[in-house]
Amino acid sequence: MTTNNTYSKQEKLKSRKALEQLFAKGKSFSVFPIKVFYTVSDQLVGEVIDNPEIKINETGLVQAGVGVSSRIFKKAHDRNKVKRLLREVYRTQKQSLYISVASNQQQLNVFFLYIGKELPVFADLQIAMEKTLEKLIRKISEPTPNVQQL
């Protein structure tokens, strides 16, 4: 069985509304040199889990974006290089995240922000992304506390 390691248009977080909500109301954590902002919703668009003909990557369960600060990297070609590396390491390691989100019947918006001060090396960024995705899976899998109203 082959895995589909694409990063298609449906998987990209581009909506201005979704990005504003992500930064305003979302949760965040850091695994140096990556800071993660995320929001989780428990509603799915349709019954994508029960339909085996739909590939997990094409359902839009996870939408991801990447970014780099222009304060740290003044030159656009440096920022673009870091964003390309971030997208590549995410693309190659996202399968466990998709499986976790699909099994919990959730929808996830996530944004990876590079906060390091030096240009990253691919191997180091790969290790950091692996740790980041493991922590993200733990955080979205833990049950949310129910607020009881009196």
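Here are three short exercises on this predicted model, each with a worked solution.

**Exercise 1.** Work out which way helix 2 faces, starting from its buried residues.

*Solution.* Start with the length check: helix 2 runs over residues 76-93, and its 18 residues should span 26 Å at 1.5 Å a residue, which agrees with end C-alpha atoms 26 Å apart. Next, list the buried residues: Asp78, Arg79, Val82, Leu85, Leu86, Val89, Tyr90 and Gln93. They cover an arc of only 130° around the axis, so they sit on the same side of helix 2. Finally, look at what they pack against: strand 2 (34-41), strand 3 (62-68), helix 3 (95-103), strand 4 (107-114) and helix 4 (122-141).

**Exercise 2.** Find the salt bridges and say where their partners sit.

*Solution.* There are two to find. Take lysine 94 and glutamate 11, whose side chains meet at 2.5 Å, N to O. This pair ties together distant parts of the chain, 83 residues apart: lysine 94 is in the loop between helix 2 and helix 3, glutamate 11 in the segment before helix 1 (16-25). Both lysine 94 and glutamate 11 are buried. Now take arginine 91 and glutamate 88, with their closest N and O atoms 2.7 Å apart. They're three residues apart in helix 2, so about one helical turn separates them. Arginine 91 is partly exposed at 24% relative accessible area, and glutamate 88 is partly exposed at 30%.

**Exercise 3.** Pick out the residues of the largest nonpolar core that touch the most other members, and the element that supplies its largest share.

*Solution.* The core has 32 residues, and the best-connected are Val62, Tyr90, Leu97, Leu108, Val110, Phe112 and Leu136. Helix 4 gives the largest share, seven residues.

Notes:
Residues numbered from 1 in each chain as written. Predicted model: local features only at pLDDT ≥ 70, side-chain atom pairs only at ≥ 80, totals over all residues. Heavy atoms only, no water. Helix = DSSP H or I, 4+ residues; strand = E, 2+ residues; numbered from the N terminus. Expected span 1.5 Å × (residues − 1). Buried < 20%, exposed > 50% of the residue type's maximum accessible area, 1.4 Å probe, protein only. Arc of directions from axis to C-beta. Contact = heavy atoms within 4.5 Å. Core = buried A, V, L, I, M, F, W, Y, C linked by side-chain atoms within 4.5 Å. Salt bridge = Lys/Arg side-chain N within 4 Å of Asp/Glu carboxyl O.
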